[in-house]
Amino acid sequence: MIQALTAEQEIIFKGYESLAEKVLTGQRLFFEEGVSLFRNISLPAVGYLANIRREAVSNHKAYYIRNQVINYSNICINRCSFCAFHRKRDTNGAYTLTLADIEKKVRDHLHEPISEIHVVGGLHPDLPFSYYVDMVRLLKSLRPQAVLKMYDAVEIDYFSRISGKSVERVLEDLMEAGLQALPGGGAELFAPRVRKILCPEKISAERWLNITKIAHRMGLKSNATMLYGHVETPEERVDHMVRIRELQDETGGILNFIPLPYQPLNNALKGKRTFAGDDLKVQAVSRLMLDNIPHVKAFWIYLTPPVAQIALNFGADDIDGTVIEEHVAHEAGAETRSAMTVNELKKLIRSAGYTPVERDTFFREIREDR
Ligand code: V47
């Protein structure tokens, strides 16, 4: 179907009229068109298109969640160059929470109606698989109403290695204990050239995608992230998005795409902080390329609240949540706070011109505040 562009749109999209028409008529963009969005088309023009798609999906709404993040340990056998969180065992700052420590963290917030507990940690050299299963069981007993979103695909692969069980058996054990979703971390950036620089010891892109696919087939939902703003090219960003899109075509299990800007302090990579224009472009291109993922998250912790707010106009429809405690981005120099109140989140959304809607992990709406 051809939709004629208005005179104003003809000016904005000069030279890229067919790309703009495809977006306006809901057609899928090719890889090369994604690259053009980064390389050739201005930020306001890309934002204009992304906002049309975003409002077609979520209209006047912008989502937030009451969640609690728990990082059970920073000890990790890998040494990813972008990561400022990991420590070697018995070195300064290395920590591992006992189940009693974790119980205390949850109990300290039991008076708050948290709908999600998000757990992620390093690849610990000594903890047995039973620690991870027991943690799920403990959290489920303490917070039966909350959705447990725990352990990304890299951790699931590691649990399979340390337990000698298949990925399916690992997921079965965790699901039986109460696991309901996987966070989207560990995907980093899929291009092998970039992985060699960022995370040569980490599982491959293919393994990450395959574990996620297995999880979806077993009935779990997940998120998917993209770490950007380090050494990658626009082509490598779009390749990452297209591979996520292909997975989603197969399984439909991805709830939310989360572009994470690289935070440059205290890590071996020694890069630079992204600038806001680039952050907004990534949010917008994510919305336009990932036509089969309903939600794009502008995570306020990584982006800063003002940029997350503007991103709501550039394709994003979610800003994440109350969080309570965050280490991964903060160790790497994020200057944001690590918690926000519900009132602050609502105010942020409202002053960006949207209606705040509290959601759970699965984007079931809990409360709309008009
Ligand atoms: O996989 C690590 C990233 C991720 C740095 O699923 C860094 O809802 C920037 O996955 N600069 C972990 N990023 C966090 C994560 C996540 C966050 C929010 C929501 C969800 C979700 C998942 O953090 C890692 C890595 O990609 N990371 N170090 C850094 N220096």
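# Briefing: ligand shell, domains and a helix pair

Pro183, Gly185, Asn223, Gln263 and Ala332 come nearest to the ligand, out of 22 residues around it. Keep in mind that this is a predicted model. The chain is split into domain 1, residues 7-55, and domain 2, residues 61-368. Below is a quick tour of the ligand shell, a loop glycine, the domain contact, one helix pair and two unusual backbone spots.

**Around the ligand**

- Three elements each put at least two residues into the shell: β6 (221-228), β7 (254-261) and α15 (328-331).
- Which element gives the largest share of the shell? That's β6, with 3 residues.
- Sorted by class, the shell has 13 nonpolar residues, 7 polar ones and 2 charged ones.

**Gly333 and its company**

- Look for Gly333 in the loop that runs between α15 and α16 (342-351).
- Is Gly333 buried, exposed or partly exposed? Gly333 is partly exposed, because its count of other C-beta atoms within 10 Å is 14, while a residue needs 20 or more to be buried and 12 or fewer to be exposed.
- If you skip neighbours within four places in sequence, Gly333 touches Gln263, Pro264, Leu265 and Asn266.
- One of those partners, Gln263, is also among the residues that come nearest to the ligand.
- Gly333 and Tyr302 sit 31 residues apart in sequence, and their C-alpha atoms are 9.6 Å apart in space.

**How the two domains meet**

- The C-alpha centres of domain 1 and domain 2 are 29 Å apart.
- Their contact draws 17 residues from domain 1 and 19 residues from domain 2.
- On the domain 1 side, α3 (31-39) and α4 (43-58) each bring at least two residues to the contact.
- Of the elements on that side, α4 gives the most, with 8 residues.
- The domain 1 side that touches domain 2 breaks down into 10 nonpolar, 3 polar and 4 charged residues.

**The α11 and α12 pair**

- Helix α11 covers residues 234-251 and helix α12 covers residues 276-289; their axes come within 10 Å and cross at roughly 35°.
- Is the crossing of α11 and α12 left-handed or right-handed? The crossing is right-handed.
- From α11, the residues in the contact are Arg237, Val238, Met241, Val242 and Arg245. They meet Val282, Ser286 and Met289 of α12.
- Sorted by class, this helix contact has 5 nonpolar residues, 1 polar and 2 charged.

**Two positive phi angles**

- As background, most residues other than glycine have a negative phi.
- Asn266 goes the other way: Asn266 isn't a glycine, yet its phi is positive, at about 60°.
- You'll find Asn266 in the loop between β7 and α12, and Asn266 is also one of the contacts of Gly333.
- Asn266 counts as partly exposed because it has 13 C-beta neighbours inside 10 Å.
- Thr304 isn't a glycine either, and its phi is positive at about 80°.
- Where does Thr304 sit? Thr304 is in the loop between α13 (300-303) and α14 (305-311).
- With 16 C-beta neighbours inside 10 Å, Thr304 counts as partly exposed.

Key
Residues numbered from 1 in each chain as written. Predicted model: local features only at pLDDT ≥ 70, side-chain atom pairs only at ≥ 80, totals over all residues. Near = placed C-beta within 6 Å. Helix = DSSP H or I, 4+ residues; strand = E, 2+ residues; numbered from the N terminus. Nonpolar A, V, L, I, M, F, W, Y, C, P; charged D, E, K, R; others polar. Contact = placed C-beta atoms within 7 Å. Domains from an automatic or database assignment. Axes fitted to C-alpha atoms, helices over the stretch in contact; angles between N-to-C directions. Left-handed = near helix turned anticlockwise from the far one by under 90°.
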